[in-house]
Amino acid sequence: MAVFTFEDQTTSPVAPAILYKALVKDADNIVPKAVDSFKSVEIVEGNGGPGTIKKISFLEDGETKFVLHKIEGIDEANLGYSYSIVGGAALPNTAEKITIDTILSDGLNGGSVVKLSIKYHSKGEASPNEDELKAGKAKSDALFKVIEAYLLANP
C-alpha cells in the first residue's frame with residue numbers, strides 16, 4: 001500500500017471553537033439539517049469516540065448512497081479531529097481508506113484557519129485518480145461552505 005499526502009488550508013469567518021463544536025461534536029445533528037441531501041447519520045460500531053464507525057446516508061443523483069466514516073482521533077484541547085473514509089460511495093476503488101486530519105486555529109477577525117492533511121491509502125501501488133481527487137475536494141469544500149453558512153445563519 002502506498003500513501004499519498006495532500007495538504008490544504010481554508011479560512012472561515014466562524015470562530016474556531018464554534019466551528020469545531022459543529023464539525024465534531026454536533027455534526028450528527030447539524031449536517032442533516034444544513035444539507036438537504038444528507039438523510040441520516042448512525043453509529044454502526046463504537047461509542048462516539050476514536051474507533052467509532054458511522055454510516056452517513058445521503059441522496060446523490062436521485063439515489064440513496066452512504067459512506068462509512070471512522071473516527072481516528074479527537075483532540076479537543078487543540079481543536080483537532082481525525083477521521084477516515086473506510087467504505088461506501090466516497091471511497092474510490094483504488095483506495096483502502098482516505099484519512100483526513102483537521103486542526104482549527106484562530107484566524108482574522110475572530111474567524112478560523114482550517115488546516116487539513118489528507119492521506120490517500122491506495123490499494124497496492126495504485127496512484128489516486130486526479131479527477132476523483134478533484135471531485136472529492138469539490139464535494140468536501142461545498143459541504144464545508146454549507147455548514148459554515150448554516151452556522152452563520154443560526155448563531
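Trainee: Which residue in β7 stands opposite serine 105?
Mentor: Valine 113 stands opposite serine 105. Strands here are DSSP E runs of at least two residues and helices are H or I runs of at least four, numbered from the N terminus. Bear in mind that this is a predicted model, where local features need pLDDT of at least 70, side-chain atom pairs need 80 or more, and totals for chains, interfaces and linings use all residues. Residues count from 1 along each chain as its sequence is written, and side-chain values use heavy atoms, without hydrogens or water.

Trainee: OK, and how many bridges are there between β6 and β7?
Mentor: Eleven, in the antiparallel sense; DSSP has to find at least two bridges for strands to count as paired. On the other side, β1 and β7 are joined by ten bridges and also run antiparallel. One spot to look at there is glutamate 7, whose bridge partner in β7 is serine 117.

Trainee: What's the strand order of the open sheet?
Mentor: β1-β7-β6-β5-β4-β3-β2, seven strands with antiparallel pairing. β1 (3–12) and β2 (38–45) are the edge strands, each pairing on one side only. From one strand to the next, the twist averages 25 degrees.

Trainee: Which strands does helix α1 touch?
Mentor: Helix α1, residues 16–25, packs on the sheet against β1, β4, β5, β6 and β7, and its direction is about 155 degrees from that of β6. Those angles run from 0 to 180 degrees between N-to-C directions of lines fitted to C-alpha atoms, for helices over the stretch in contact. Helix α3 (residues 130–153) lies across β1, β2, β3 and β7, at about 30 degrees to β1.

Trainee: Back to β7. Where does serine 112 sit, and is it buried or exposed?
Mentor: Serine 112 is in strand β7, which spans 112–122. Serine 112 counts as buried because its relative accessibility is 1%, with buried meaning under 20%, exposed over 50% and partly exposed in between, using a 1.4 Å probe on protein chains only. β7 is mostly covered, with eight of its eleven residues buried.

Trainee: What does the serine 112 side chain reach?
Mentor: The backbone oxygen of valine 14, at 2.5 Å. Beyond four places in sequence, contacts of serine 112 (heavy atoms within 4.5 Å) include Thr10, Pro16, Leu19 and Gly107.

Trainee: Leu19, hm. What else does leucine 19 touch?
Mentor: Among others, Val14, Leu104, Phe144 and Leu151, again skipping residues up to four places away in sequence. Leu19 and Leu151 have the most contacts inside the largest nonpolar core, which has 30 residues. Such a core is a set of buried Ala, Val, Leu, Ile, Met, Phe, Trp, Tyr and Cys residues joined through side-chain atoms within 4.5 Å. α1, α2 (27–34), α3 and strands β3 through β7 each supply at least two residues of this core.

Trainee: Switching to loops: what's phi at asparagine 109?
Mentor: Near 55 degrees, a positive value in a residue other than glycine. Asparagine 109 is part of the β6 and β7 hairpin, which has five residues between the strands. Asparagine 109 counts as exposed because its relative accessibility is 83%.

Trainee: And where is aspartate 61?
Mentor: In the loop between β3 and β4. Aspartate 61 also has a positive phi, about 55 degrees, although it is not a glycine. At 73% relative accessibility, aspartate 61 counts as exposed. The flanking strands β3 and β4 run antiparallel and are joined by eight bridges, and lysine 55 stands opposite leucine 68 in β4.

Note on methods: Polar contact = N/O pair within 3.5 Å; in protein donor to acceptor, adjacent residues only side chain to side chain.
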